[in-house]
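Reader: I should be grateful for a close look at a single part of this structure, namely the place where the two chains meet. Please treat it as one connected account.

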Amino acid sequence: MHFLANPGRFVRIADRVLPWVSALAVVLVAVGLYAGLVIVPADYQQGDTVRIMYVHVPAAWMAMFVYASLAAAAASGLIWRHPLGFVIAQSAAPIGAAFTFLALVTGSLWGKPMWGTWWVWDGRLTSVLILFFLYLGLMALVEAFDDPKRGQKAAAVLALVGVVILPIIKFSVDWWATLHQPASIMRLDGQTTIHASQLWPVLVMALGFTAYYIAVLLVRVKQQVLASRLRSLQLAAADA
Amino acid sequence: MQSFDAFLAMGGYAAYVWPAILLTLAVLLWLAWSSVARLRRTQKSLKALEALGVERRPRRRKREG
């Protein structure tokens, strides 16, 4: 990640990559949605509600993947003082919060017709709700200091402590088996319990969401880099 | 797909499937749009300052005794 260490170079690379990842995100999500809504037949048990899976599962994966990358960026800022580590972590938080929110709401919309309830205090649902609050806490903590650098550092420490939520979410379905089904795709025994015809649109959507994450992250990091340049220019103008 | 109406009906689950899909698209589009809008605002203020000929101060090195 050293080639990204120079903010000016980061912006130049971001400008070159952005059109391609944005286009990739649009194409993959369009293909994934078309497949999930039209090509895949209704499930023999769940009927057409199974189509909610094509947004729910990728959103839930992203909720965790964004957090893992956010924590890695925060660690690179704390340990190696990577100049963009804190900026990347701060920029990722709202994107992760959005995916976590979507995982919760689409899960609720799937739970009502299939489980008969919008919400239960089940291990999986509760731990993902905690992840959502963790994202909100990180976003609030950055803003809670007058000096933005101190806020970013405090949030980075909280981000590292918060990593404990990821294994809790992953294994919650095994530890506290109540309503949420256990893993069917990434299983320890390697035996995926979902048919390939239903699986591939999930993977396409997940790739599309990942491309979306990279695109929006690049925009937000670039905004932060330019905003700090703007602040130093404003200081120079005030001095003159 | 038998007909467009059947597609919209989602086997009787339209009230759950469509809000899930549309909310996902709405949230993702809103976040992308607001991120780009914020970047554009920053770029605009930066251009305005640079047009005034303001330059960054050279960094002073801290020297302590």
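Author: The account below begins with the contact between the chains and then follows it into its surroundings.

The model is a predicted one. Chain B enters the contact with 28 residues, and chain A enters it with 38 residues. On the side of chain B that touches chain A, 18 residues are nonpolar, six are polar and four are charged. Chain B has two helices and zero strands, and 12% of its 65 residues are buried.

One helix pair gives a detailed view of this contact. The axes of α2(A) and α2(B) lie 9 Å apart, and the two helices pack at an angle of about 45°. An angle of about 45° is neither under 35 degrees nor within 65 to 115 degrees, and α2(A) and α2(B) are therefore oblique to each other. From α2(A), the residues that make the contact are A:V55, A:H56 and A:A59, while α2(B) contributes B:A20, B:I21 and B:T24. Four of the residues in this helix contact are nonpolar and two are polar, with no charged residue.

A:H56 deserves separate attention. This residue belongs to helix α2 of chain A, and it counts as buried because 24 C-beta neighbours lie inside 10 Å, where 20 or more are required. Neighbours within four places in sequence aside, A:H56 is in contact with A:A103, A:T106, A:G107 and A:W110 of chain A, and with B:A20 of chain B. As for A:T106, its C-alpha atom is 5.6 Å from that of A:H56, although the two residues are 50 residues apart along the chain.

B:A20 also leads to another residue of chain A. A:L109, placed in helix α3 of chain A, is in contact with B:Y16, B:P19 and B:A20, as well as with A:I52, once neighbours within four places in sequence are set aside. A:L109 counts as buried, since it has 24 C-beta neighbours inside 10 Å. B:A20 is thus listed among the contacts of A:H56 and among those of A:L109. By way of contrast in distance, the C-alpha atoms of A:L109 and A:V221 are separated by 33 Å, with their positions 112 residues apart along the chain.

On the chain B side, the loop between α1 (4-9) and α2 contains B:M10. Its phi is near 50°, a positive value in a residue other than glycine. B:M10 counts as buried because it has 20 C-beta neighbours inside 10 Å. A positive phi, near 55°, is also found at A:R81, again a residue other than glycine. A:R81 sits in the loop between α2 and α3 of chain A, and with 10 C-beta neighbours inside 10 Å it counts as exposed.

The wider setting is the largest nonpolar core, which has 71 residues. Both chains take part: α1 (7-39), α2 (53-79), α3 (85-115), α4 (123-143), α5 (148-162) and α7 (196-239) of chain A, together with α2 (14-51) of chain B, each supply at least two residues. The most comes from α7(A), with 16 residues. The members that touch the most others are A:A63, A:L70 and A:A89. Beyond its neighbours within four places in sequence, A:L70 is in contact with A:A89, A:A92, A:A93, A:G96 and A:A159.

Terms used: Residues numbered from 1 in each chain as written. Chains lettered and ligands numbered in written order. Predicted model: local features only at pLDDT ≥ 70, side-chain atom pairs only at ≥ 80, totals over all residues. Contact = placed C-beta atoms within 7 Å. Nonpolar A, V, L, I, M, F, W, Y, C, P; charged D, E, K, R; others polar. Helix = DSSP H or I, 4+ residues; strand = E, 2+ residues; numbered from the N terminus. Core = buried A, V, L, I, M, F, W, Y, C linked by C-beta atoms within 7 Å. Axes fitted to C-alpha atoms, helices over the stretch in contact; angles between N-to-C directions. Parallel < 35°, antiparallel > 145°, perpendicular 65-115°, else oblique.
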